[in-house]
Amino acid sequence: MSDRHGGEPEPLSAALATITKDRAGRPAIPEEYFCQTCHFLVDVNSPEIAAWFEANRPDLHPLGPTLNCRCEDAADLEARRIQRKITNANLPKRELTGPLTFDNFDATLPGTAEMFDVVKAWADGTLAESFLTMIGITGSGKSHLLESAVAHLDSLGMSVRYERAEVMLNMLRHTFRDVEGDYGQDIQDVMDWYDSFDALIIDDIGANRATPWGEGYLYLMLDKRYADGRKVAIGTNIENAQEMEKAWGARIASRCFDRNSGIVKVLWSEANDYRKASL
Ligand SMILES: Nc1ncnc2c1ncn2[C@@H]1O[C@H](COP(=O)(O)OP(=O)(O)OP(=O)(O)O)[C@@H](O)[C@H]1O
Ligand SMILES: [Mg+2]
């Protein structure tokens, strides 16, 4: 409330008594009654506000809930929007730790600065390469940074899908195996759906030998992005092209470890196992 006389602010009742009238001669509603953010009434259930309206603006009394401040609703909507984004992006819920972001990644630990900078640049679009292969030992922070990239891409208005390789391929295979070996149009629709995201992140590409089926579909997904020059990032413990070739075949290995075409950034992390360090 304004302090018209200097010193202590005047009481509300005094302010109400001096309220200017609108063109129809009705008292203007005190500014204090409006939320500064959404410009609806701060609290229609407040006895003070209700009493003022009853006395001064019977035309608006009693106040209905539609006039009430929407900020909490907006905050609730925003929380639900973020939750929906997380579900769409397929991120782990991280209920115990909260989301993993660039802000809660410690890039001062040995070996972490380069991976932080590269993943951030990939997400920002300032990295020259569109295809990022991130290699590191278990616990080195690969998933942390890839999940951070999801939140960052989302904040830039880009759609992004996060998958763990084997979980995704198992899910796809179980969903479509009833179709007698012919995965046909349905799976093509799924591939198109993956392709529709601005960015695709495939984490945990493991060293266990893949099935020919899994290999085939992972290849199709990666090759499409590779050929189109669209954003894709992978996280893996596989250290080199030979090991990747054994597990996932020559075509995937050749693309993930392509160091000549300028399409792929191969990033070997030197970071230690954070999980062990914190024991
Ligand atoms: N530099 C770091 N700053 C803060 N937390 C970190 C850092 N590195 C790793 N962590 C945390 O350590 C845990 C393990 O990291 P993360 O899951 O990213 O490892 P990873 O490289 O994906 O391992 P894996 O190969 O086993 O999947 C996570 O809880 C992650 O948040
Ligand atoms: Mg991981």
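Here are some questions and answers about this protein chain, which is a predicted model.

Q: How many helices and strands are there in the protein chain?
A: Let's start with the overall picture. Buried residues account for 25% of the 279 residues in the chain. Counting the elements of the chain gives 11 helices and 5 strands.

Q: Is strand β4 mostly covered or mostly open, and how many of its residues are buried?
A: Side chains in a regular strand alternate between the two faces of the sheet. In β4, Lys231, Ala233 and Gly235 point one way, while Val232, Ile234 and Thr236 point the other way, and all are buried. That fits a strand that is mostly covered, and the number of buried residues is 6 of 6.

Q: Which residue of β4 is the bridge partner of Thr133?
A: Strand β1 spans residues 131-135 and runs parallel to β4, with 5 bridges joining the two. Look along β4 for the partner of Thr133, and you land on Ile234.

Q: Which residue of β4 is the bridge partner of Ile201?
A: β4 also pairs with strand β3 (residues 199-205), in the parallel sense and over 5 bridges. For Ile201, the bridge partner in β4 is Ala233.

Q: What is the handedness of the β-α-β unit made by β3, helix α8 and β4?
A: We already know that β3 and β4 pair in the parallel sense. Helix α8, residues 212-228, joins them in a β-α-β unit, and that unit is right-handed.

Q: How far apart are the end C-alpha atoms of helix α4?
A: Helix α4 covers residues 113-124, which is 12 residues. At 1.5 Å a residue, the helix should span 16 Å. The distance in the model agrees, because the end C-alpha atoms are 16 Å apart.

Q: What arc around the axis do the buried residues of α4 cover?
A: The buried residues in α4 are Met115, Phe116, Val119, Trp122 and Ala123. They sit on the same side of α4, because the arc they cover around the axis is only 135 degrees.

Q: Which elements do the buried residues of α4 pack against?
A: Two of the strands we've already met turn up again here, along with another helix and another strand. The buried residues of α4 pack against β1, α5, β4 and β5.

Q: Which element gives the largest share of the shell around ligand 1?
A: There are 18 residues around ligand 1, and Thr138, Gly141, Ser143, His144 and Tyr274 come nearest. Two elements give two or more residues to this shell, α5 and α11. The largest share is 3 residues, and it comes from α5.

Q: Why is Gln242 exposed rather than buried?
A: Gln242 belongs to helix α9, residues 241-248. A residue is exposed if 12 or fewer other C-beta atoms lie within 10 Å of its own. Gln242 is exposed because its count within 10 Å is 10.

Q: What is the omega of the peptide bond from His61 to Pro62?
A: Most peptide bonds are trans. Pro62 lies in the loop between α2 and α3. The bond from His61 to Pro62 is cis, with an omega near -5 degrees.

Q: What is the phi of Asp204?
A: Most residues other than glycine have a negative phi. Asp204 lies in strand β3. Asp204 is not a glycine, yet its phi is positive, at about 55 degrees.

Terms used:
Residues numbered from 1 in each chain as written. Chains lettered and ligands numbered in written order. Predicted model: local features only at pLDDT ≥ 70, side-chain atom pairs only at ≥ 80, totals over all residues. Buried ≥ 20, exposed ≤ 12 C-beta atoms within 10 Å, placed from the backbone. Helix = DSSP H or I, 4+ residues; strand = E, 2+ residues; numbered from the N terminus. Pairing = 2+ DSSP bridges. Right-handed = clockwise from strand over helix to strand, strands pointing away. Expected span 1.5 Å × (residues − 1). Arc of directions from axis to C-beta. Contact = placed C-beta atoms within 7 Å. Near = placed C-beta within 6 Å.
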